[in-house]
Amino acid sequence: MQIMIKDIVITEHPVSVCVPQNYPVTLSCRAIGKGTLQYQWFQAENEEVPGAAHPDLVTTAKKTQVYICRVNDQHSNCVFSDWVKVKVRDVLRPGIPAPWLGEPHIVAHPTSLSVRPGETAALQCTAFGIPAPHYQWYKNGNLMQGETGETLLIRNANKNQEGTYLCSVSNVHEEKWTEPADVNLVLPDKPTAKKFYATDKVALLIGNLNYSNHPNLIAPMIDVHELANLLQQLGFRVVSLLDLTKQEMCAVIDEFLQLLDRGVYALFYYAGHGYECPGRNYLVPIDAPQPYRRENCISVQRIMRSMQEKRTALNVVLLDTCRKWYNQGCVPSEIRSLAPLGNTVYGYATCEDAEAYEVQDGERSSGIFTKYLNKHILSPEKVTCVLERVLEDLGRDPLITGKQVMEIKHTLKDPRALTDRICTTGHTMELQLRNLYWKHTNELPERRVLVFPCGAEVELSFSALFSNVMIAFASLKRAGRGAADCSLSLRSEPAMEDVFSNMEDRSGGMDSLLLSGADNPDSSLRLCGLQNLQKSLVIRLDLHYTDSDSKLRRVETREEDIGKPLVARSELHRRGQGRGPAARECRAAGASFPSAEHAQAPRQPLRRPGWPSTRKAENARDPVSKRHTAQGNEPEENDENEPLDCAA
C-alpha cells in the first residue's frame, strides 16, 4: 500500500540548547514531502544564515541567538520549524565533563542570603544541557507551582518565605539537583552593619630633628619609628624619613601623592618645627634659614588639597608641631577645599597659637601627642574616635596641663577606621603599578657572605631603620686557619654622615633603636640621609687579624657594591633640581633655596637631657632672642596670595 504525501511534514524539529561560549552546536531539522526538499536556516529578524542550506546547522556558539528552519519543495510549498534558542553562558570554569552527551551540568548553584522584610531577592541557578534543561524549584522539599525558570524571585519578603530552597534540573538524559540555599529574614532590630574597605593604605611619615639654623629636637626619631611600626601592623605601606630639606620634602610629598588613588586610605604625619599663620599651618625643613620665610616652608593645606584631588576614601593628617601665630596682619589664606567629600581628618598636637611639647618620660624622649597616639592607633574604632581617646589622655597628663590641648577637625561622614580591611577587587591594575613602585623604592640589599684571602667568611646583612636610614651589619661566621683575634670594621664610599652619633649618650631608648636589626653583630655601620646618594654605595669591610705563623697583625679589605638602597633609588635629589612635578610646584611658589655654603652651616647642639623642649619656631629658653626678631626665628612679612596650583 503506498502512502500519498501531498504536504510537507516536519518529522524532527530542532531543540533549544544551553552551552558555554565557543561550544560547537548542531541543530537538526527533518521533513518529508513530495519531491526533493530544500532547507534554509534563519536567525533573529528573519536573516538568512549564510551557507546554512542543509538539514543540520553546525555553528559555534558565540552569543545567545534564536534560529528557525524553512523547508520547501519544488511546488512552492513551504513550512517552518519551531523557533529554538541557543543560549550561551559566559562562565569562567564550566567544567563540562569529557565526553559530554548533553546531560544537565550545573555551573551556578543558588547561594544562601539574608533579606529584610518587604525586600525582593533572587535565587539563581545556571546549567548547561542539550536539549536545554528544564528547571523546577522546591521549598522545604515541596514543589513550587509555576516556578520553572533559572531565577526564583522572592518578592515582598516575609517570615513565611524563610526556608531551604533547591532546584531540579533535567532534560531527556537525566535529572540533577542543586545544592540547598537558605533564605533568612533579617529583622529591623538586627541590622547588618555596613563594612568599609580600603583599596590600599599608604602613609608618609616625616621627622625633622637636626636643624641647620634652629634648635634641634630629640623626639621625632623615636616617634616616627614607633608610629611606622604600628601603621605597618595595620597594613599601611609606610615611608618614614628623617631630616629633609625643602627640596627633599617637596619631592617625597610628590612621590607620596603618586601612590594615592580612589579608595585608598592616605595618612600624612609630621614631627618637627612648625608654625601657624592664621588659617594655614607650615612645616619647617631642616635647611630653613634664620629668619625663615613662608617660601622656605611647606604648607599643610596644600598637601591636603592635593590628597583630596586624588579622591581617596580617607585622608588623615597628623601634625606633632607647634601652632604659634606669626604674620597675623597678612592676607588670609585663599586655599579652598574641594567639593565636600566627607573623607578628611586633621589631628593637631595642640590648639591654635600654642606650643607642642616633647618631654622626657622615664627613659625616653617623646612628643607627648604621639605618645598617646601610638597608644590608641591600633584600636578598631572610627579614626575620629581614636583621636578623641588621644585628646582625653593628653588632657589628663599633668606634665602639660594648661600648656597643650590637642585639636581635632574632620569632615568624615562614614565610620571609617584605620583597621579597615584592604579589598583590591576592581583595582588590581592600580595595585600592580603601586607594587612595582613600592618594590623599587623600599628594597634592601640582599644578605651575602664575603670570603677573604685568609679564608675567613663574613656575613654582610642590612636592616632599614627608616626609609632613608639603613644599618649594615658584619658578622664573622668562620675564621681562616691562620687567622686569630679577628675583628671587623665597616666604612662606606661615599661616606654617609651618621647624624645620630651625638645622641648615643642620651637616654630615651635611642641606643637600642639605633643598634637594632641583627643578633650580636661584630661590627655595624649606620648610613643616614640615603636620599642624598647620587651613585652606587660601596661597603668597605676591613678584617683585622693576627697571622698565626708570623704573629704579625694584618688587615684584609673587601669592597661590595650594594647599589642604591631604599629611598635612594627614587633619586629625590634629581627631582629637587627640577625633574619632578614637586620641583616645578616649588618654583611656581617662588621658593628660594639656601646656597650650598648655607646648607653646610653647623647644626645647633642638642639640649641637655631632661630639659622640656618645644617644637616652636623660636627658642623659648632665651628671652633675649624674643626682643631681637631680626636674629630670631620669626618669619618676615610676606604675601599669602600665592598660586593655587602649587602643592608645597
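Here is a walk through a few spots in this structure, which is a predicted model.

Let's start with a pair of helices. Find α4, covering residues 368-376, and α5, covering residues 383-396. Their axes sit 9 Å apart, and the angle between the two is about 130°. An angle over 115 but not over 145 degrees falls in the oblique group, so α4 and α5 count as oblique to each other. As for the handedness, α4 makes a right-handed crossing with α5.

Now zoom in on the side of each helix that meets the other. From α4 come Ile368, Phe369, Tyr372, Leu373, Lys375 and His376, and they meet Val386, Leu387, Arg389, Val390, Asp393 and Leu394 of α5. Sort this contact by class and you get eight nonpolar residues, one polar residue and three charged ones.

While you're at α4, check how covered it is. Seven of the nine residues in this helix are buried, so "mostly covered" is a fair description. The buried ones are Ile368, Phe369, Thr370, Tyr372, Leu373, Asn374 and His376.

Next, hop over to helix α1, residues 219-233, where you'll find aspartate 223. This aspartate has 0% relative accessibility, and that is why aspartate 223 counts as buried. What does the side chain of aspartate 223 have 2.8 Å from one of its polar atoms? Look for glycine 367: its backbone nitrogen is the atom at that distance.

Time for some loops. Which residue does a cis peptide bond join to alanine 98? The partner is proline 99, and omega there is about -5°. You can spot proline 99 in the loop between β10 (84-89) and β11 (105-108). Another cis peptide bond links glutamine 290 to proline 291, with omega at about 0°. Proline 291 belongs to the loop between β25 (280-283) and β26 (298-299).

Finally, take a look at two backbone angles. Asparagine 22 isn't a glycine, yet its phi is positive, at about 70°. This asparagine sits in the loop between β2 (17-20) and β3 (24-28). Aspartate 243 isn't a glycine either, and its phi is also positive, near 55°. You'll find aspartate 243 in the loop between β22 (237-242) and α2 (246-258).

Are these two buried or partly exposed? Asparagine 22 has a relative accessible area of 42%, so it is partly exposed. Aspartate 243 has a relative accessible area of 8%; buried means under 20%, so aspartate 243 is buried.

Note on methods: Residues are numbered from 1 along each chain as its sequence is written. This is a predicted model: local features need pLDDT of at least 70, side-chain atom pairs count only at pLDDT 80 or more; totals for chains, interfaces and linings use all residues. Side-chain values use heavy atoms; hydrogens and water are left out. Axes are lines fitted to C-alpha atoms, for helices over the stretch in contact, and angles run from 0 to 180 degrees between N-to-C directions. Helices (H or I, at least four residues) and strands (E, at least two) are DSSP runs, numbered from the N terminus. Angles under 35 degrees count as roughly parallel, over 145 as roughly antiparallel, 65 to 115 as roughly perpendicular and the rest as oblique. A crossing is left-handed if the near helix is turned anticlockwise from the far one by less than a right angle, and right-handed if clockwise. Contact means heavy atoms within 4.5 Å. Ala, Val, Leu, Ile, Met, Phe, Trp, Tyr, Cys and Pro count as nonpolar, Asp, Glu, Lys and Arg as charged, and the others, Gly among them, as polar. Buried means under 20% relative accessible area, exposed over 50%, partly exposed in between (1.4 Å probe, protein chains only). A polar contact is a pair of N or O atoms within 3.5 Å; within protein, one must be able to donate a hydrogen and the other to accept it, and residues adjacent in sequence count only if both atoms are side-chain atoms.
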